[in-house]
Structures are given as C-alpha cells and as structure tokens.
Amino acid sequence: MAGTDSTPVFVKDGMYLSMITDNAVTIGNVVQITSTGTDTCDVGAANTTCAGVAVGGDRFSRTQTDDQIAAGSKVTVITRGIVNVYTDASAIVRGSFLEMGATGTVALSGTAGTDVPSDVIGVALEGNSGAAATIKVQLRL
C-alpha cells in the first residue's frame, strides 16, 4: 500500500508550499531549495534548484513597501502558474525561456553559462525595460 493514515500518498497539491527562509526574502524573489532543514529555502542564485517564487509570508504589516520576509520566517512559495518576478539586467523579450539569475531574479536562459532545458524555470509573458523590472512569467517547474 502506497500510503497510510500517518503518511498519505497525497501530501500537498504542489501549487503553494510553506517553507522556512534561511535568509531574508522579498516577495517576487525566485527561491531555491536548501538542505539546512526540512522545507527550507533561500533567495535564488544561478545554477541552483528552483523551489518557486515567494508570494507571501510572515510580515509585520501589509503596506505596499512591506514586502520583506525575515530570515527564519515562513514564506509561501508558488510552484506553478503565472507570477510577477524581478528580472536581472539581461534583455528579456516576450516568449523567452528564463532561468534563475543572481539574488532572486530571473535571467534569460543561458545567461549563467549553461543553456540546458533543466535550467528553464519559465517563459516570459512580458519583456523587461532593464534590471530590477517586474515581469509576468509562466512557471514551468
């Protein structure tokens, strides 16, 4: 039998995961899986394993400028669907394949030196106007 009452087959739907951050994360950052504990993540970096995009978590208020989630706090990570993410300085056009860039951003596929299908985390639905722009991405994790 594949599952029991204490360890069911169906654990999570996979669209939203609750994780604990190793370091501070900004909503809209791409986050990577870490091995520092159970269900932990950190700000994404090039050539690492993508967990998804931070979309919510423990915050002190809900103001427009309060988009930081402190280290050691819970963060909600989305693993599929359409999300707003921050871009690096690479020129991204609509339809481009994207990979994890530095410090929680997305970059044009191949920017980090490798251009392999497993690095692709999504497809750009918008182009960027420069570094630190926010664009819509369809996640493909």
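**Note on an all-strand predicted model**

1. Confidence by element. Among the elements of the chain, strand S11 (residues 122-124) has the highest mean pLDDT, 94, and strand S6 (residues 68-69) the lowest, 88. This is a predicted model. Over the chain, the mean pLDDT is 83. Of its residues, 82% reach 70 or more.

2. Secondary structure. The chain has twelve strands and zero helices. Along the sequence the pattern reads β-β-β-β-β-β-β-β-β-β-β-β.

3. Burial, surface and contact range. The chain has 141 residues, and 41% of them are buried. About 7,700 Å² is exposed. Carbon and sulfur atoms supply 55% of that area. Take the contacts between residues at least 6 apart in sequence: 54% of them join residues at least 24 apart.

4. The barrel. Which strands close into a barrel, and in what order? There are five, running S1-S4-S3-S5-S7, with mixed pairing. Neighbouring strands of this sheet are turned by 55° against each other on average, direction ignored. As background, strands of a sheet pair through backbone hydrogen bonds, in either the parallel or the antiparallel sense.

5. S1 with S4. Strand S1 covers residues 16-21 and strand S4 residues 40-43. The two run parallel and are joined by two bridges. Ile20 stands opposite Thr40 in S4.

6. S3 with S4. Here the strands run antiparallel, joined by three bridges. Opposite Gln32 stands Asp42 of S4. The hairpin of S3 and S4 has six residues between the strands. Within this hairpin, Asp39 takes a positive phi near 55°.

7. S3 with S5. Strand S3 (residues 30-33) also pairs with S5, in the antiparallel sense and over three bridges. Val30 has Val53 in S5 as its bridge partner.

8. The largest nonpolar core. How many residues does the largest nonpolar core have? It has 15. Those with the most contacts inside it are Val30, Val53, Val85, Leu98, Val106 and Ile135. Strands S5 (50-57), S8 (80-86), S9 (97-100) and S12 (134-140) each supply at least two of its residues. The largest share, three residues, comes from S12.

9. A separate core. Apart from the largest core lies another, of eleven residues. Its members include Val25, Ile27, Val31 and Cys41.

10. Val30 up close. Val30 is worth a look in the viewer. This valine is one of the residues with the most contacts inside the largest core, and the bridge to Val53 in S5 involves Val30 too. Which residues does Val30 touch, not counting those up to four places away in sequence? They are Asp42, Val43, Gly44, Cys50, Gly52, Val53, Met100, Gly104, Thr105, Val106 and Ile121. Val53 and Val106, both in that list, are also among the residues with the most contacts inside the core.

11. Gly110. This glycine lies in the loop between strand S10 (106-108) and S11. Is Gly110 buried, partly exposed or exposed? Gly110 counts as partly exposed because its relative accessible area is 28%, between the cut-offs of 20% for buried and 50% for exposed. Leu98 is twelve residues away from Gly110 along the chain, and their C-alpha atoms are separated by 8.4 Å. Leu98 is itself among the residues with the most contacts inside the largest core.

Definitions and conventions:
Residues numbered from 1 in each chain as written. Predicted model: local features only at pLDDT ≥ 70, side-chain atom pairs only at ≥ 80, totals over all residues. Heavy atoms only, no water. Core = buried A, V, L, I, M, F, W, Y, C linked by side-chain atoms within 4.5 Å. Buried < 20%, exposed > 50% of the residue type's maximum accessible area, 1.4 Å probe, protein only. Helix = DSSP H or I, 4+ residues; strand = E, 2+ residues; numbered from the N terminus. Contact = heavy atoms within 4.5 Å. Pairing = 2+ DSSP bridges. Axes fitted to C-alpha atoms, helices over the stretch in contact; angles between N-to-C directions. pLDDT = per-residue confidence, 0-100. Areas by Shrake-Rupley, 256 points an atom, 1.4 Å probe, with all protein chains shown as cover.
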